[in-house]
Amino acid sequence: MNHPVKNQYERFPYPPIPWLALPRFTRLDLENAVSRRDRLEDYFSGSTEQVNALILGSGTFEPAGVATEYPEISSILAIDLSRENLSRLQKRMRLARLFRKVPKFEVRECDFENEDPSGGRKFQWIRASNVLHHLRNPEVIFERIHNWLSDDGVVRFSVYPRSSRLGMRWLSKHFRQQNVDPAQGKPQFMKAIHQALNQLSSDDPRLQAWEDCIEKGHISGIIDAFFHAHENTVTLYDWVRLFDQAGFHWLGEGTNRDDQTSRIVGSEPLTILDRARLLQAMDDWQDLGSNPVFWIRKKTPEEKSNAIRWPELASVNESENWKIEHNELRNRANFLAKQVPSLTVQKFFLSP
Ligand SMILES: C[S@@+](CC[C@H](N)C(=O)[O-])C[C@H]1O[C@@H](n2cnc3c(N)ncnc32)[C@H](O)[C@@H]1O
């Protein structure tokens with residue numbers, strides 16, 4: 001099978017954390033590392049001891065973090081395309097088991113977009129962190145996840161904020177135009193990266209995108225951020241539409257507080273459509289500094305019967321000019337904000 005994403009992760013395992021490194025042990029550290037509201041027990045009604053977790057696109061580290069935070073859960077099944085990622089993960093988990101309690105743990109090398117990783121089981125917790133935007137056909141993924149989730153289960157997924165990564169995409173384009181190529185081998189590749197950066201003037205926003213990138217310390221991180229084999233173009237608005245239409249209810253956001261819609265509207269109730277518009281407006285305003293995290297659960301039959309109509313989101317095309325694309329995104333942000341009938345939103349976006 002020629003799968004460019006698989007090939008990338010076999011060659012550049014991710015995240016590039018040495019397998020000897022274990023997640024920090026105390027729950028407090030983990031809570032601070034993410035968000036105080038990003039915890040299973042906030043969204044899950046039953047006892048966490050009953051939880052069988054399925055981690056899609058696990059990479060080399062995430063299940064170890066989950067095992068550290070939730071040693072009491074029943075089991076973890078980690079799925080990944082990359083054998084090399086899974087091999088590093090397995091070593092890390094074996095090491096962890098020497099020092100701490102670790103739930104029953106299995107890995108499966110599998111393309112969950114095309115194969116069923118569940119083995120006919122149901123899972124109470126499904127995680128898909130930073131992976132759904134690398135699928136070829138994301139339109140149907142939530143229907144598949146729906147089948148693998150138990151009726152009382154929850155899903156946590158995170159995806160790229162597309163508009164807020166505009167600077168990164170433009171820098172990626174610049175690298176490619178300058179023929180920077182990972183196939184050159186590491187020393188030549190890094191030299192070419194720095195030559196391409198040196199061509200940018202000090203006020204060029206692409207330089208800021210490089211400065212802000214937390215992944216630039218390692219070649220696998222640079223590949224993941226700027227040379228990915230496949231990144232699809234789904235907007236945050238459309239991710240919400242897709243999970244709503246597949247029969248999921250939006251429970252909450254686990255992103256850093258600054259990037260949550262509640263930063264603007266507090267606890268003011270919004271319809272799912274208006275919350276999706278607000279989140280997209282925040283993204284189009286290029287205001288999101290982290291990857292949005294969503295918590296969702298299966299809809300009840302009553303919720304299913306109240307299907308909503310999703311207006312098409314006006315598209316913003318990739319332009320040949322950074323400033324034009326940036327201005328178009330601002331216009332769409334203002335347009336979306338006007339659609340949300342909340343005074344707080346109007347004030348935040350539309351006041352002079
Ligand atoms: C950006 S990494 C994220 C890793 C981890 N979830 C994290 O956040 O640290 C994406 C991972 O998803 C895996 N992946 C991508 N597409 C996949 C697919 N169709 N099936 C299984 N794994 C996939 C890749 O091999 C890679 O390990």
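Between which two elements does the loop that holds Q286 lie? The points below take up this residue first and then turn to the rest of the model, which is a predicted one.

1. Q286 belongs to the loop between helix α13 (272-284) and strand β7 (293-298). Although Q286 is not a glycine, its phi is positive, at about 60°. The surroundings of Q286 hold 18 other C-beta atoms within 10 Å, and because a residue counts as buried only from 20 such atoms and as exposed at 12 or fewer, Q286 is classed as partly exposed.

2. A positive phi of about 60° is also found at N179, again a residue that is not a glycine. N179 sits in the loop between α7 (166-177) and α8 (186-198). Here the count is 9 other C-beta atoms within 10 Å, so N179 is exposed.

3. A further backbone feature that a reader may wish to inspect is the peptide bond from Y14 to P15, which is cis, with omega near -10°. P15 is placed in the loop between α1 and α2 (27-33).

4. Strand β1 (residues 52-56) has parallel partners in β2 and in β4. With β2, the pairing runs over 5 bridges in the parallel sense, and within it L56 of β1 has I79 of β2 as its bridge partner. The connection from β1 to β2 passes through helix α4 (residues 62-69), and the resulting β-α-β crossover is right-handed. With strand β4 (residues 123-129), β1 is joined by 4 bridges, and these two strands likewise run parallel; in this pairing L54 stands opposite I126 of β4. Strand β1 is mostly covered, given that 4 of its 5 residues are buried.

5. The ligand has 23 residues around it, of which Y9, G57, G59, L81 and S129 come nearest. The elements that contribute two or more residues to this shell are α1 (4-11) and β2 (75-80). Sorted by class, the shell consists of 10 nonpolar, 8 polar and 5 charged residues.

6. Strand β7 takes part in two antiparallel pairings, described here in turn. Strand β5 (residues 149-158) pairs with β7 in the antiparallel sense over 5 bridges, and in this arrangement R156 has W295 of β7 as its bridge partner. Strand β6 (residues 248-253) pairs with β7 in the antiparallel sense as well, over 5 bridges, with E253 facing F294 of β7 as its bridge partner.

7. Helix α15 (residues 322-339) can be checked for its length and for its sidedness. At 1.5 Å a residue, the 18 residues of α15 should span 26 Å, and the end C-alpha atoms are 26 Å apart, so the expected and the modelled values agree. The buried residues in α15 are L329, R332, A333, L336 and A337. Viewed down the axis of α15, these buried residues fall within an arc of 135°, and therefore they line one face of the helix. On the face turned away from that buried side, α15 carries the exposed residues K323, I324 and N331.

Conventions
Residues are numbered from 1 along each chain as its sequence is written. This is a predicted model: local features need pLDDT of at least 70, side-chain atom pairs count only at pLDDT 80 or more; totals for chains, interfaces and linings use all residues. A residue is near a molecule or strand if its C-beta atom, placed from the backbone, lies within 6 Å of it. Ala, Val, Leu, Ile, Met, Phe, Trp, Tyr, Cys and Pro count as nonpolar, Asp, Glu, Lys and Arg as charged, and the others, Gly among them, as polar. Two strands pair if DSSP finds at least two bridges between them. A crossover is right-handed if, with the strands pointing away from the viewer, the path from the first strand over the helix to the second runs clockwise. The expected span of a helix is 1.5 Å times one less than its number of residues. The arc is that of the directions from the helix axis to the C-beta atoms.
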